Amino acid sequence: MSSNPIPGGNSQPISLDAIEQISVNIAPFDITQSGFTGAGINAVTRSGTNKIEGSAYYYLQNQNFQGRKIEDVTLDKVDAAKKNFGFRLGGPIIKDKLFLFVNAEREEATGANASGANLWRASENGVADPNNNIARTKRSDLEDVRNHLINTWGYDPGRYEGYADEAKESSTKFLVRLDWNINEKHKFALRYNQVVGNSMQVANGNSGPYPRSQTNRVSDQSITFENGNYAFKNIVRSVTAELNSTFNSQLSNQFLATYTRIQDTRSTPSNQLFPFVDIWDGSATGSNYMSFGTELFSYKNDVINNNYSFTNNLTLKADKHTFTFGGAFEIQNFGNSYTRMGTSYYRYASVDDFLKTGTPQEVAPIMYGVTYPYEGQDTYSKINFGLASLYAQDKWSVADNFTMTYGVRAELPIYLNKLTANPSIDALRLLDINGNPKNYNSGLWPKSQIMISPRVGFNYDVFKDRSLVLRGGTGFFSGRVPFVWLTNMPTNAGVLQNTVEPGSYDAVSGWINNIKFNTDPYYYLNNVPAGAEAVFIKTPKEGAPSSFALVDRDFKMPMVWRTSVGADYKIPNSPFVLSGDFLYTKDINAVFQLGANRRTPNTFLNYGASGDEGDYGDNRAFYPAGVNGSAYNSKIGANNATVLTNTNVKGHAVSATLGLSVPNYKGLSGSVFYNYASAKEVSANAGSSASSAWGGSATVNGPNDQILHPSAFAIPHRVMAHLSYRLEYANHLATTVGVYYNGSSQGRFSYTYYSDINRDGQNADLIYLPKNLNSLTFVDRVDANGKVLFTAAQQADALEKFVKDNGLEKYQGKYLPRNGFLLPWLNRFDVKVLQDIFTNIGGRKNSLQLSLDVINFGNLLNKNWGIQSRLNNGQLLYGNKMVPGVSSGKAVLNTASTPATGIPEFNMNVVNGDLPTTPFQNVSTLGTTWQMQLGVRYTF
């Protein structure tokens, strides 16, 4: 699934040149708008008129208009081009009767400006240098693995570096609109638009069987071979028909019908299918070092969405009231083919272990996974979802300067298709959101429950001259979840296919040593390894799959209660307008992914207490024998049953904005706005698969925690400003200069241990920072041969300095909150210059416009300005001690487990060969340097 919320993936579905007006509504109290809890985006496309009008344009950017200096680092010059060209044309077919509008646009990006451009290079010595895009993965190791794959397994994994120039991204958009004035009372519009987008992507970050690496497959810690990446093809085709009827001065009607087909399909660079392999850095408790094979989520990955929408609004005007009575019905036929690890998945502890595959000395992998369809089954899981809506609203002009809008909307979700149940899953006793025993039905969608959304809004022109306008309202807003969260149930309930995705190393301990590398993804289905007879099942009758996802029958779509108040004040005797807005949102139905087979143990960690009243140290839930020892139902793993449900803990958000603007004053326009935002949530549900959405957030006790944490998407402070001036001269010329500023922190992050501190199979444990740092037991940090790299004292001193230098002292004696910390503030200036040359031809204005855009203008002036930051793994501050070991006769470094006493011994993390002093480093891509774009547009 594409991570972009707009249909079309990386491609905007409609060209900006085809849009007449666009609006983003976060609190529209108009009851006709629905389908969102965050923001609704509405765009009105251009239409033809009695005049023939149009434009043609071409914009270009390439590596010669691209900065390469990031402080004292100069990036290599690589191809990096962008092109955007298109046209629009509108006019009459029959004057005053029938009109046509057409738009087409092509966008192309290549090299480092395209998505999927991989700039990372191998190291010679195993030490990362992220500022120069050098990963820690050694060239010699990559060459050894590549040669082994070619010579032993007949598979070419592709290049591991040097192919960024070949990245490509493109989209082609087309729109045509017909407007027909049937008569004075009826007007009809018909629109067709489509976009076809193609984009390359690097391999998935770290998803797969648990435990997962805390570092990504493509990063300064790991390199993925070229054929381990993937590409998206995004297609959107839409037809819209609209009939507007005005029966008389009091009564009018709007009917709107839309059909949209959206398809997102993945492909991989090589036609040769091969297992996806992760090689870690020497142990099962380390992190990813290199990857290759057919990308583990791309084989047979296809999403098809057919949407039908019908809306009718009847408007009646009566004296001071404007009544709207409406209804809508939507149908979404959603099909999702998702065979994660469909070519099979292997994880090896070290390069040496993998190099033994296919030889008499072969050793087993440390993890294995696969998804295979049952005989005769289609891999597409389906949901046919309907939403029926009825609503009524009154816009009441209480006085000439006061308008109140109030109404109510009722929506009924309807699940239109039937599911095939898996009796083996239905028979399993699991837990509900409150920890009570419960059986779930894998063959039933959630109950259809009416959602009622009352809303009231007002607009008050205080002095009747628009010099002071007060506005606001309150109401309920209902939304939806990504439909892949719903299709996760038929996909993973073991009726179409079986997914073997272990939730921990404990889950494979009984059979993993009987696994050898095999390029046939279904080899172990047909040759079941000893001990895995209940894992590689061939029909639903043979039992429940080893992992599955369900949807609670009582699940409700997300709904929030939102209140806003705002004001616009025109300052007397000036062109300035002062604006302010306050917005408060609270969850009514909050979505939560539950691990339904995981009990909370009665054992706890036991370190870091200061002895002060109320300071109990780190006493989080602890699984000394591994998480499966606390499985509620021993028939499946504790981390292997996920349920889409709702949490009773309600999140909330506050946003406040204050700004000053000059709409237009003698060619001058501008604004400056400050925004404050704060939001808390239980879970970010960060993933499309159920297991990723469940385990994707850092927690204290584990992913079932229902504790409010700051949201990753609420940046507390942001300043936005722009200033533009247009000067016309010589009767045929005009010059416009605009400056745009955006200042904010670059995101939120969490401090977590680099290890699984409580042994629950999840590497996302929030750090507890003791009041007395000396209560942490540090031991010498050694390498694989036992050589001391950093003494215990050096590490303790480094932690104390890190805490002081990075503002963590106020958190001592507490768990460091999820998303409680901010990346550095970034000041970003962009400059735009337009030169218009215009004249009248045939009584009509014709204009030629030349444009220059400088993005990140500050970096053009100074190599130290405008540089983005990213995390350097210093946020994985410390964890369980590292101990030397032996794997396949070679010295390796393992991460120790927390002992049964619940008192760990610690090592500090090592970042780029040294103890961390900061969690940040500079971004080392062309995306953080200045760029220029040249353009030409002809308008008539």
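The following dialogue examines cavities, a pocket, a helix, salt bridges and a surface patch in a predicted model.

Student: Which residues lie nearest the centre of the largest cavity?

Tutor: In this predicted model, a search of the whole structure finds 5 cavities of 30 Å³ or more, and the largest holds about 180 Å³ of space. Strand E28 (548-551) and helix H6 (690-695) each supply at least two residues of its lining, which by class has 5 nonpolar, 9 polar and 2 charged residues. Of the 16 lining residues, those nearest the centre are Glu 501, Ser 547, Phe 548, Thr 642 and Ser 691.

Student: How is the lining of the second largest cavity divided by class, and what are the counts?

Tutor: The second largest cavity encloses about 80 Å³. Its lining has 13 residues, with Val 682, Thr 699, Pro 703, Asp 705 and Arg 818 the closest to its centre. Strand E30 (577-595) and H6 each give at least two residues to this lining. The division is 6 nonpolar, 5 polar and 2 charged.

Student: Which strand gives the most residues to the lining of the second largest pocket?

Tutor: That pocket has a volume of about 1,300 Å³, and among its 44 lining residues the closest to the centre are Gly 126, Arg 136, Asp 281, Arg 781 and Leu 893. The lining divides into 17 nonpolar, 19 polar and 8 charged residues. Elements that supply at least two residues include strand E9 (134-138), helix H2 (351-355) and strand E39 (781-782). The most, 5 residues, come from E48.

Student: Is helix H4 largely enclosed or open, and how many of its residues are buried?

Tutor: Buried means under 20% relative accessible area. Among the residues of H4 that meet this cut-off are Phe 483, Trp 485 and Met 489, together with Thr 487 and Asn 492. Helix H4 (residues 483-492) is largely enclosed by the rest of the structure, because the number of its residues that are buried is 10 of the 10.

Student: How many residues apart in sequence are the parts tied together by Arg 471 and Asp 581?

Tutor: The side chains of Arg 471 and Asp 581 meet in a salt bridge, at 2.5 Å from N to O. Arg 471 is partly exposed at 21% relative accessible area, and Asp 581 is partly exposed at 34%. Since Arg 471 belongs to strand E26 (residues 468-478) and Asp 581 to strand E30, the separation of the parts that the pair ties together is 110 residues.

Student: Are the partners Asp 618 and Arg 620 buried or exposed?

Tutor: Their side chains meet in a salt bridge, with an N to O distance of 2.9 Å. The relative accessible area of Asp 618 is 0%, and that of Arg 620 is 1%. Residues under 20% count as buried, so Asp 618 and Arg 620 are both buried.

Student: Which elements give two or more residues to the nonpolar surface patch?

Tutor: The patch covers about 640 Å² and is made by Tyr 58, Phe 85, Ile 837, Ile 841, Leu 848, Leu 850, Val 936 and Tyr 938. One of these, Leu 848, lies in strand E44 and is partly exposed, with a relative accessible area of 33%. The elements that give two or more residues are strand E43 (825-841), strand E44 (844-855) and strand E51 (931-939).

Methods: Residues are numbered from 1 along each chain as its sequence is written. This is a predicted model: local features need pLDDT of at least 70, side-chain atom pairs count only at pLDDT 80 or more; totals for chains, interfaces and linings use all residues. Side-chain values use heavy atoms; hydrogens and water are left out. Patches are made of residues with over 30% relative accessible area and no salt bridge: like charges are joined within 9 Å, nonpolar side chains (Val, Leu, Ile, Met, Phe, Trp, Tyr) within 5 Å. Accessible areas come from the Shrake-Rupley method with a 1.4 Å probe; for residues, only the protein chains shown count as cover. A salt bridge is a side-chain nitrogen of Lys or Arg within 4 Å of a carboxyl oxygen of Asp or Glu. Helices (H or I, at least four residues) and strands (E, at least two) are DSSP runs, numbered from the N terminus. Buried means under 20% relative accessible area, exposed over 50%, partly exposed in between (1.4 Å probe, protein chains only). On a 1 Å grid over the protein atoms alone, a cavity is a set of points where a 1.4 Å probe fits but cannot get out, and a pocket is an open set with protein on both sides within 12 Å along at least five of seven lines; lining residues have an atom within 4 Å of a point. Grid points are joined across faces, edges and corners, and a volume is the space filled by probe spheres set on the points. Ala, Val, Leu, Ile, Met, Phe, Trp, Tyr, Cys and Pro count as nonpolar, Asp, Glu, Lys and Arg as charged, and the others, Gly among them, as polar.
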